[in-house]
Amino acid sequence: MPVFVVYLTIFLSLLEKVVAAGVSSSRVGYGSSRFRAPRQTSGDRYLLGVGKADITGPVVEIGFAGYADLDQKGSGLRQRLYSRAFIIGDVDNPDDRLVYLVLDTMSGDTAVRRGILEGLGNLGSEYDVYGKDNVAVTGTHSHAAPGAWFSYLLPQVTNLGLDKQSYQAIIDGALLSIKRAHESLTEGHLDLGRTDVTDASINRSAWAYMANPDEERDRYETDVDTAMTLLRFRRASDGKALGILNWFAVHPTSMHQNSTHVAGDNKGAAAYLFEKAMEGDDSAASGFVAGFAQANHADTTPKVLGAWCDDGSGQQCRLENSTCDDGRSQACRGRGPEFRKLDLGVSSAYEIGRRQYAGAKLIYDSLDSSSTPIIGPSVKSFHFFHNMAFWDFHLPDGTRVRTCPASLGYSFAAGTSDGPGAFDFTQADSGDPSANPLWKLVSGLLRTPTREQRECQVPKPILLDVGGMEFPYPWSPNIVDIQTLRVGQLVMLVASPEVTTMAGRRWREATAAAAEGIVDNPIVILGGPANTYSHYVTTPEEYDVQRYEGASTFFGRHTLSTYMNLTIRNLHHLAPDSTTRPGPGPSPPDNRAVSFNFNTGVVLDGAPIGRSFGQVLSQPLRSYQRGEVVEARFQGANPRNNLRLEGTYAAVEKLGNDGIWTRVRDDGDWFLVYEWKRTNFVLGYSQATIRWETGEGGDGPEPGTYRIRYFGDERNFFGRIRAFEGVTKEFLLV
Ligand SMILES: *[C@@H]1O[C@H](CO)[C@@H](O)[C@H](O)[C@H]1NC(C)=O
Ligand SMILES: *[C@@H]1O[C@H](CO)[C@@H](O)[C@H](O)[C@H]1NC(C)=O
Ligand SMILES: *[C@@H]1O[C@H](CO)[C@@H](O)[C@H](O)[C@H]1NC(C)=O
Ligand SMILES: *[C@@H]1O[C@H](CO)[C@@H](O)[C@H](O)[C@H]1NC(C)=O
């Protein structure tokens, strides 16, 4: 066997249960003193456009991204995934544009960003205004969406490589969303509002947070950023809102590590609720788009009831290292508000989404009486690549420090209370690696870190020296994106890594202070994880504690200071009259053509003799009370034969008084679940089950006569794909 296959095989077996988690940042980056008193005047005019498109990749047989769990493979779909695009342009300078993309994915990514930029280049010359500087590719950080689109080897490992279909679905949908936003460009105004959402997140690593200086912590009421910032896009012609884009910090890890139905997790639920509420709302234009973007969420969790030991002890996990009585972290599980419902119906994901929706709606409803208009003609941006490997620079106090090639520490393998790790690793294990001989062996086998690298990463003990591993192609990025966008007084830090609460506060605050003279009364927000996934960034004090987030801070103790330095040094490019841009920096490797893919394609679909594709195997009952779950089962075929982008696998139809059936629910609806199961591997038989949770988190749908329709595509022996449908008998909902 070639050496890399040995590496990969060993790695696969060991990483099986290991968790990768995490993302971006945000307590709204501005102090209240900077948040100007509301004005009645509307702000300046900008060119505004919004667009939404389907990016749902293969919903079965492909590993999810986020928990890095080889066993977490798709088996169906609760909610389609989307790209939501927000374009802001300068009315007088047509070249000054921004595109903020919010993808229902684990993160931005180097390969995905490349694909999007290449695609933009092929859309025609009117799209030349969009490019590397002004397109921000951010992910919501859903842990319930397919992976296998990553550029680098390490995150590919638990997804078995890079799958073209999974990758292409994101590129195509992202481009379509940008196209829709571009085609809808119109003059309008931007308003900003904020509120505190205090019931949707709690700290996940308080032990590390407490290592930050007392004076600093005393300035904040909470150890997570509870502020939600919302930007409204309103067109000038009739005052209707085109969409909203908001930032709030919380991990979308409400859906469990064993959940295998594709969804946008809590952020997906929030966007669904907001967009639904705007249908038929007078204040909103048709095609209203709600983006729930991620902020500095790295050390937050949506498991707001705390982390408990599932070992019968009835105790909470230990604060220091998330262990239980047995000294291990395996039994430690965070609990969401609806943890007893697991991932069904009004689950924790839905409820945490609803709380974010409620916060956003509160802001939205108050904007006409109290908002901060965005003013100033400047729509500016900069982007460059920076190599973090052994980069020397000076801290503001003059100390000379350096960043290091990427590596992961021992606590990385322990996971978090959102998803515990494998073996006997615990958090805050700064430790004596000899206590973990197995891991010591593996990390040594993979690559022995150089002395320079070990010294650079102190006090992190190196488990995986991924930044030094280039064989057979790079395992993790050393080259990261530095990007900042600006419209009027709003400055958007676009962060590659997941950023902890305090790291985000420092980055935003330093940026706001340095922006004096360039931006009047700056309001700084932080969004991500974007462009290139580069795990975490903590404060140096949190780094020293080496819990999961510190162990996952790739480039060493001074990672955060580097991001701050590089942002601040380049702020002058955002000045209103600036025409300069930083140099592009080194190009990251393009691994797309050389990436492994051990995900096999669909071979064949079959149906037992006497049965046809789409045939109903199990009809719904004649009648249901609202609140009950309607269920039907069909002779199925593999959904990977056709992603049905912008379409649906499942639908609910309602019989009208005129005798006409109308579609009332589809894959976009949270409470309609499509599930696929192979029943005979050799002959390619499979079944599709469609469930409609008719409670729908409220009064449910109108009583009436309904039926369920299934859309599939079968692949025959010769590889030809043919579409089919199945429809149930009608049933009553009373
Ligand atoms: C972290 O959150 C928990 C649960 O809300 C709370 O009890 C604890 O005080 C928080 N820790 C810190 C350091 O604030
Ligand atoms: C999935 O994980 C949750 C949370 O750890 C657990 O309570 C539940 O029993 C698991 N479900 C299955 C089917 O294993
Ligand atoms: C976890 O922390 C507790 C309390 O400080 C300590 O007693 C225990 O030894 C730690 N466990 C490990 C495995 O580090
Ligand atoms: C960033 O680092 C450079 C190189 O050491 C130094 O000259 C500069 O003063 C630093 N800038 C900031 C804002 O810290």
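Here are some exercises with worked solutions on the predicted model shown above.

**Exercise 1: The annotated binding site**

Find out which residues the UniProt annotation "binding site" covers, and why they can be said to gather at one spot.

*Step 1.* Start with the record. The unreviewed UniProt entry puts the label "binding site" on His141, His251, Glu498 and Tyr536.

*Step 2.* Now set sequence against space. These residues span 396 residues in sequence, but no two of their C-alpha atoms are more than 12.8 Å apart, so they gather at one spot.

*Step 3.* Place two of them in the fold. His251 sits in the loop between β11 and β12 (261-262), while Tyr536 belongs to strand β29 (residues 536-537).

*Step 4.* Check how much of each is open to solvent. Buried means under 20% relative accessible area. His251 has 0% relative accessibility, so it counts as buried. Tyr536 has 1%, so it counts as buried too.

*Step 5.* Look for a shared partner. The side chain of His251 has a polar contact of 3.5 Å with the side chain of Arg204. The side chain of Tyr536 also makes a polar contact with the side chain of Arg204, at 2.9 Å. Arg204 therefore links up with both His251 and Tyr536 through side-chain polar contacts.

**Exercise 2: Who surrounds ligand 4?**

List the residues around ligand 4, then work out which element gives the largest share of the shell.

*Step 1.* Name the neighbours. They are Phe393, His394, Asn565, Ile568 and Arg569.

*Step 2.* Pick out the polar atoms next to ligand oxygens. A polar side-chain atom of His394 is 2.7 Å from an oxygen atom of ligand 4, and for Asn565 the distance from a polar side-chain atom to a ligand 4 oxygen is 2.4 Å.

*Step 3.* See how much is covered. On its own, ligand 4 has 360 Å² of accessible area, and the protein covers 61% of that.

*Step 4.* Trace the shell back to the fold. Two or more residues come from each of β19 (391-394) and α14 (559-569). The largest share, three residues, comes from α14.

*Step 5.* Sort by class. You get two nonpolar, two polar and one charged residues.

**Exercise 3: Now try ligand 2**

Describe the shell around ligand 2 by residue and by class.

*Step 1.* The neighbours here are His256, Asn258, Arg333 and Leu342.

*Step 2.* Go for the polar atoms again. In the side chain of Asn258, an N or O atom is 2.4 Å from an oxygen atom of ligand 2. For the side chain of Arg333, the matching distance to an oxygen atom of ligand 2 is 2.8 Å.

*Step 3.* Ligand 2 has 360 Å² of accessible area on its own, of which the protein covers 45%.

*Step 4.* Sorted by class, this shell has one nonpolar, two polar and one charged residues.

**Exercise 4: Inside the fold**

Is Asn246 buried or exposed, and what does Asn246 touch?

*Step 1.* Locate the residue. Asn246 is part of strand β11 (residues 241-248).

*Step 2.* Its relative accessible area is 0%, so Asn246 is buried.

*Step 3.* Look at the contacts. Leaving out residues up to four places away in sequence, Asn246 touches Met228, Thr229, Leu230, Gly291, Phe292, Ala293 and Ala360.

*Step 4.* Compare with Ile525, found in strand β28 (residues 523-527). Ile525 has 1% relative accessibility, so it counts as buried. Ile525 and Trp247 are 278 residues apart in sequence, yet their C-alpha atoms are 7.8 Å apart in space.

**Exercise 5: Odd backbone angles**

Find two cis peptide bonds and two residues other than glycine with a positive phi.

*Step 1.* Know what to expect. Most residues other than glycine have a negative phi, and most peptide bonds are trans.

*Step 2.* Hunt for the cis bonds. One joins Val458 and Pro459, with omega about 5 degrees, and Pro459 is in the loop between α10 (451-457) and β24 (462-464). Another joins Gly528 and Pro529, with omega about -5 degrees, and Pro529 is in the loop between β28 and β29.

*Step 3.* Hunt for positive phi. Phe390 has a phi near 50 degrees and lies in the loop between β18 (379-387) and β19. Glu696 also has a phi near 50 degrees, and its place is the loop between β36 (685-693) and β37 (704-715).

*Step 4.* Check accessibility. Phe390, at 24%, counts as partly exposed, whereas Glu696, at 13%, counts as buried.

Definitions and conventions: Residues numbered from 1 in each chain as written. Chains lettered and ligands numbered in written order. Predicted model: local features only at pLDDT ≥ 70, side-chain atom pairs only at ≥ 80, totals over all residues. Heavy atoms only, no water. Near = heavy atom within 4 Å. Polar contact = N/O pair within 3.5 Å; in protein donor to acceptor, adjacent residues only side chain to side chain. Areas by Shrake-Rupley, 256 points an atom, 1.4 Å probe, with all protein chains shown as cover. Nonpolar A, V, L, I, M, F, W, Y, C, P; charged D, E, K, R; others polar. Helix = DSSP H or I, 4+ residues; strand = E, 2+ residues; numbered from the N terminus. Buried < 20%, exposed > 50% of the residue type's maximum accessible area, 1.4 Å probe, protein only. Contact = heavy atoms within 4.5 Å. UniProt positions renumbered as here; feature names shortened; annotations may be inferred.
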